[in-house]
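The following exercises are to be worked with the sequence and the three-dimensional model at hand. Each task is followed by a solution in steps.

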Amino acid sequence: MKTDIEIAHECEMEKIKKVAKKLSIPKKYLIPYGRYMAKVDGHLMKELEEKEDGHLILVTSTNPTPFGEGKTTMAIGIHDAFCEMGISSVAVLREPSLGPVFGLKGGATGGGYAQVMPMEQINLHFTGDMHALTSANNLLCAAIDNHIMQGNELKIDSATIQVPRALDMNDRALRDITIAQGKKDGVERKDHFVITVATELMAILCLSKDLKDLKRRIGNILMAYDEDGKPLYVRDLHCEGAMAVLLKEAIHPNLVQTLEHHPVLVHGGPFANIAHGCNSLIATKMGLKLADYVVTEAGFGSDLGATKFLDIKSRIGGLSPSCIVLNTTIRSLKYNAGITKEEVEKPNLEALKKGIVNLDAHLDLLSHYTSSIVVCINHFIKDTEEEINYVKKYVEDRGFSCEVSTSFEEGGKGSQALAQKIIESCHKQPLKTIYNIEDSIENKIETLVTNLLHSKVTYTDEALENIRFIEKHHLDHYPICIAKTPYSLTDQAKKLGYPKGETVTVKLVKVQTGAGFIVVYMGNIMTMPGLPKKPNLLSIDLDDQDEIVGLF
């Protein structure tokens, strides 16, 4: 079988100006980054204000296995299918982080014949958005420590600083550090790094309406408390303007293309196990004005990415998906029966029957928000007809549409039957919400955990202290962003299938007043991942460009 890069090299790219014409983007709003990439000036939205929104299609997934199940591939395949059927469509996706690219996961531009190009640039430095975010975040960190050293007029309590330094790379050695160890270097204190895609600033970029709103949200970041316990915000330090200037280009969505030359907006990239896991609001809303159908995805399974799309992004942006596509694979369902990674590709109908409860779990979860759900089986070569037919009948017996996609092998052609079922299932309707935004923090957490994860909740003393502190300062009127393992509905990665009656432990609660949500940490969640034993590119000859790119 050909590798992704071999497939990509079969396809010549179209000039980005030609791709932009397919969405009727005026030349004055196109900011080229070479021949095949561009940014689309956000001011375009003013011209599109009166245009009716298209249908929003959200692609999510059952719980992924450690080797991924192709959710991005499916989103690209569905978009290609729409376009090949003569239907106006655009895909809006997240930008890859360099951490996973060089770590275990690799790139994030789809696979097979459902890919986004130019994959090398998108997976690496792209248009510089990640670097701009890293710089802006670390400018704030530098300003905070400099303020303390230069007299500390704001009386910042250094033990309460909320903004960690960032790096867009997996580096576990930076999880816990000590800074300013020299007498002339400032006030010594404990600190830590997070990966750039886990920063509040990344979430802010993805939830801002425009540059003005971005600056406002940056100013609202809770950066620390003073010595009397009063909240201090970035606006108190007067550096939100400088940070916004660093992000003045990053705020504009990026335009690229699929292998079939169909337009894709790729913008923003928060992790879904740590952050809210969705591409930027401005790219999504731009897509809704430019096309009749917008295909987007949310990270990991529906218990993480989809719930955050619906509870956070949709609330803030006034979005309501017309249809949710629940992606699954035969191998992931068998894996959820406890089958080893080495055994999942072997035919095993009994394991499938046991593991299909994970599909039940996600159908039950999504049904709290909408009835417009289509199940997509992402086809793998070793799937048997018996296994596929079993899943299709199981889903249809539950009253949902189900279709197989072969986009990995056939591109847009492989998802046309799926695309037709999506069109038939699309209904513009108000989004159901599962909790009231004004409910208490504990009530919101318990509503989510009880109804969606079918578990009970317990809190550490530190988490309860966090909650009381947030409530004391009247900062509890935000939606909840759960941070936990993506591999299970619980906070324990090995609890597979459809676990019920488990107990999840809330270890830490942090409010992100700039982004506008409360992060609830469950289980062992790392905000700075580490590299695996054999990272991507570790032993590659850097003179061999084809070999380097081929690993993506």
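**Exercise 1. A covered helix**

Which residues of H12 are buried?

Solution. The model is a predicted one. Begin by locating helix H12, which spans residues 281-290. A residue is called buried when its relative accessible area is under 20%. With this cut-off, the buried residues of H12 are Leu281, Ile282, Ala283, Thr284, Met286, Gly287, Leu288, Lys289 and Leu290. Nine of the 10 residues are thus buried, and the helix is mostly covered.

**Exercise 2. Nonpolar cores**

Determine how many residues make up the largest nonpolar core, and identify the helix that gives the most to this core.

Solution. The largest nonpolar core has 81 residues. Within this core, the residues with the most contacts are Ile25, Leu255, Leu359, Val391, Ile445 and Ile480. The greatest contribution comes from helix H20 (residues 441-453), which gives six residues. As a next step, examine Ile25: leaving out residues up to four places away in sequence, Ile25 touches Ala20, Val40, Leu44, Leu255 and Leu290. A second core, separate from the largest, has 53 residues, including Cys141, Val197, Ile218 and Ile525.

**Exercise 3. A strand residue and its surroundings**

Is Leu93 buried or exposed, and with which residues is Leu93 in contact beyond its neighbours within four places in sequence?

Solution. First, place the residue: Leu93 belongs to strand S4, residues 89-93. Second, compare its accessibility with the cut-off: Leu93 has a relative accessible area of 4%, and is therefore buried, since buried means under 20%. Third, list the contacts. With neighbours within four places in sequence set aside, Leu93 is in contact with Thr72, Ala75, Ile76, Val116, Val264, Leu265, Val266, His267, Gly268, Asn279 and Glu297. Finally, consider Gly269, which is 176 residues from Leu93 in sequence but 8.4 Å from Leu93 in space, C-alpha to C-alpha.

**Exercise 4. Aromatic rings and charges**

Classify the aromatic pair formed by Tyr390 and Tyr394, and state which charged ends sit over the rings of Tyr233 and Tyr435.

Solution. The structure holds three aromatic pairs. In one of them, the rings of Tyr390 and Tyr394 are 6.1 Å apart, centre to centre, with 40 degrees between the planes. Planes under 30 degrees apart count as stacked and those over 60 as edge-to-face; the pair of Tyr390 and Tyr394 is therefore tilted. Both residues lie in helix H17 (residues 385-397), four residues apart, which is about one turn of the helix. Tyr390 is partly exposed at a relative accessible area of 24%, and Tyr394 is also partly exposed, at 22%.

For the charges, the charged end of Arg235 sits over the ring of Tyr233, 4.3 Å from the ring centre. Over the ring of Tyr435 sits the charged end of Arg315, 4.6 Å from the ring centre.

**Exercise 5. Empty space**

Describe the lining of the second largest pocket and of the largest cavity.

Solution. Rolling a probe the size of a water molecule over the atoms shows where empty space is left. The second largest pocket holds about 1400 Å³ of space. Its lining has 48 residues, and those nearest the centre of the pocket are Ile161, Gln162, His192, Leu508 and Lys510. Elements that give two or more residues to this lining include helix H7 (129-149), helix H8 (200-207) and strand S21 (502-512). S21 supplies the largest share, six residues.

Next, turn to the cavities. There are two of 30 Å³ or more, and the largest has about 80 Å³ of space. Among the residues lining the largest cavity are Asp303, Lys308, Asp311, Leu448 and Ile480. Helix H13 (302-317), H20 and strand S20 (480-483) each supply at least two residues of this lining.

**Exercise 6. Backbone geometry**

Where are Pro118, His454 and His474 found, and what is notable in the backbone there?

Solution. Most residues other than glycine have a negative phi, and most peptide bonds are trans. Pro118 lies in the loop between strand S6 (114-117) and helix H6 (119-123). A cis peptide bond, with omega of about 0 degrees, joins Met117 and Pro118.

His454 lies in the loop between H20 and strand S19 (455-459). Its phi is positive, about 55 degrees, although His454 is not a glycine. His454 is partly exposed at 27% relative accessibility. His474 lies in the loop between H21 and S20 and has a positive phi near 60 degrees. With 61% relative accessibility, His474 counts as exposed.

Technical notes:
Residues numbered from 1 in each chain as written. Predicted model: local features only at pLDDT ≥ 70, side-chain atom pairs only at ≥ 80, totals over all residues. Heavy atoms only, no water. Phe/Tyr/Trp six-rings, centres within 6.5 Å; stacked < 30°, edge-to-face > 60°. Buried < 20%, exposed > 50% of the residue type's maximum accessible area, 1.4 Å probe, protein only. Lys NZ or Arg CZ within 6 Å of the ring centre and 35° of its normal. Core = buried A, V, L, I, M, F, W, Y, C linked by side-chain atoms within 4.5 Å. Contact = heavy atoms within 4.5 Å. 1 Å grid on protein atoms, 1.4 Å probe; cavity = no way out; pocket = protein on both sides within 12 Å on 5 of 7 lines; lining within 4 Å. Points joined across faces, edges and corners; volume = space filled by probe spheres on them.
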